[in-house]
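Work through the exercises below with the sequence and the model at hand. Try each task before reading its solution.

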Amino acid sequence: MSPRKMQCAVVTAFGQPLSLQEWDVPTPGPGQILVKTEACGVCHTDLHARNGDWPVKPTLPFIPGHEAIGRIVAVGAGVKIVKEGDRVGVPWLYSACGHCDYCLSAWETVCGEAEFGGYTKNGGFAEYVLADPNYVAHIPAGLGPKEAAPLICAGVTTYKGIKETQARPGEWIAISGAGGLGHLAIQYAKAMGLQVCAVDIDDGKLAHAKRLGADLIVNAKTEDPAEAVKKGTNGGAHGVLITAPSLSAFNQGVGMTRKRGTCVLVGLPPGNFPLPLFDVVANCITVRGSFVGTRKDMAECLAFAAEGKVKADIELQPLASINQVFERLAKGDVPSRVVLDFTGNGEAHTAQALQLEAL
Ligand code: NAD
Ligand code: ZN
Ligand code: ZN
């Protein structure tokens, strides 16, 4: 009996197109679960991973994808907290040690032994994905898999990032980058009672930001964004969240921050940016990194969506189109979020559309 096969998109060389391959369906070992993927969002992080952009690179070959939603189809020995049939998400924070200082203080996102979905562990650009049941997202009833997919990275990252700005209801937040992360950040910020200024370099994204509730929009290409935000918010935003994958957005973001405000960095373009020391010191500005979110943040951010306060804008594509999706993402041509649809609806999504290469 040959083992069951699954289709998957594999990074075999950094900077090169993904290869569509057929791999054996993995078997869950003790403490693991197997999830049959229904949908998986495509995050700009997957593109950084494909390009080998960051100091710590994944081991080749690997399957990207950290916004996978699906049903559990098999559980390994000893798994008690989930069962077959449950709908879960397999996120970036794939697992953590559970007993270090960070894990014990609900900062499992910075655990030194953390594993990352679609990076150090194979991810959701595949028909099946293994997961650690202790770290999966539990998808509330009433939230479909395709709508849930972007929430388990873009949603939780921006929800947590907004909290990290410590901006309070009625105050201003400036959100730099209105793409996959940013379009959700705008909605979370409005739902949390903030006044929102959206900053992007694309008029289409800014028009959409306005439709999503942004009170002010700024095109960083046609005007000085720091000046425009300061003017529009009467002195600068109390909180700034930088999601743009562009180094120039980082200096600009610090410049948008009000005195005593907090600028939270979540975008991850490779490189460094210079901080204007005098301005940061003399204006008592806090600059802070933020990395996805904890399991508690995940549950909270999903609850907002289950209550209808936040909704991901999604464009469905088949797994076979992943390389075209990456090309568009690199150029800023994806309106909000592409979600790979594994449910086989529509002829473009059938297995026949895949140009499979033998492993
Ligand atoms: P995306 O491509 O969907 O959106 C990026 C947006 O930024 C686009 O709308 C683009 O037009 C805009 N942009 C580009 N340059 C800009 C500039 N100079 N000023 C303002 N806007 C600009 O990407 P995404 O999926 O939202 O991811 C964004 C970044 O966040 C990536 O670097 C990704 O790796 C990172 N990320 C970080 C975390 C984390 O935990 N910190 C989690 C997820 C993603
Ligand atoms: Zn992501
Ligand atoms: Zn730990």
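A salt bridge is a side-chain nitrogen of Lys or Arg within 4 Å of a carboxyl oxygen of Asp or Glu. This is a predicted model, in which local features need pLDDT of at least 70 and side-chain atom pairs count only at pLDDT 80 or more, while totals for chains, interfaces and linings use all residues. Residues are numbered from 1 along each chain as its sequence is written, chains are lettered from A and ligands numbered from 1 in the order in which they are written, and side-chain values use heavy atoms, with hydrogens and water left out.

**Exercise 1. Salt bridges**

Task: find how many salt bridges the whole structure holds, and which residues R337, D86 and R295 pair with.

Solution.
1. The search of the whole structure gives 14 salt bridges.
2. D86 pairs with K83, and their closest N and O atoms are 2.8 Å apart. K83 counts as exposed because its relative accessibility is 54%. (Buried means under 20% relative accessible area, exposed over 50%, partly exposed in between, with a 1.4 Å probe and protein chains only.)
3. R337 pairs with E67, again with 2.8 Å between the closest N and O atoms. R337 belongs to strand β17 and E67 to the loop between α1 and β4, so this pair ties together parts that are 270 residues apart in sequence. Both R337 and E67 are buried. (Helices, H or I with at least four residues, and strands, E with at least two, are DSSP runs numbered from the N terminus.)
4. R295 meets E108 at 3.0 Å, N to O. R295 is in helix α10 (residues 295–306) and E108 in the loop between α2 and β7, so the two tie together parts 187 residues apart in sequence.
5. R295 is partly exposed because its relative accessibility is 37%; E108, at 4%, is buried.
6. A network of salt bridges links K160, K163, K296, D297 and E300.

**Exercise 2. Two zinc sites**

Task: list the donors of the zinc ion (ligand 2) and of the zinc ion (ligand 3).

Solution.
1. Donors are N, O and S atoms within 2.8 Å of the metal (3.2 Å for Na, K and Ca); water is not among the atoms, so sites may look incomplete.
2. For ligand 2 the donors are C43 (SG), H66 (NE2) and C153 (SG), at 2.0 to 2.3 Å. Their spacing in sequence is C-x22-H-x86-C.
3. C43 sits in the loop between β3 and α1, and H66 in the loop between α1 and β4, so this pair ties together parts that are 23 residues apart in sequence. C43 and H66 are both buried.
4. For ligand 3 the donors are C97, C100, C103 and C111, each through SG, at 2.3 to 2.4 Å. Their spacing is C-x2-C-x2-C-x7-C.
5. The angles among the 4 donor atoms of ligand 3 are 106 to 117°, and the site is tetrahedral. (Four donors count as tetrahedral if all angles lie between 85 and 135 degrees.) Ideal angles for four tetrahedral donors are 109.5 degrees.

**Exercise 3. Helix α1**

Task: decide how far helix α1 is enclosed, and what its buried residues pack against.

Solution.
1. In α1, 6 of the 8 residues are buried, so the helix is largely enclosed by the rest of the structure.
2. The buried residues are T45, D46, L47, H48, A49 and R50.
3. These buried residues pack against β3 and α11, where contact means heavy atoms within 4.5 Å.
4. After α1 comes G52, with a positive phi near 65°.

Note on methods. Tetrahedral: all angles 85-135°; square planar, octahedral: opposite > 155°, others 65-115°.
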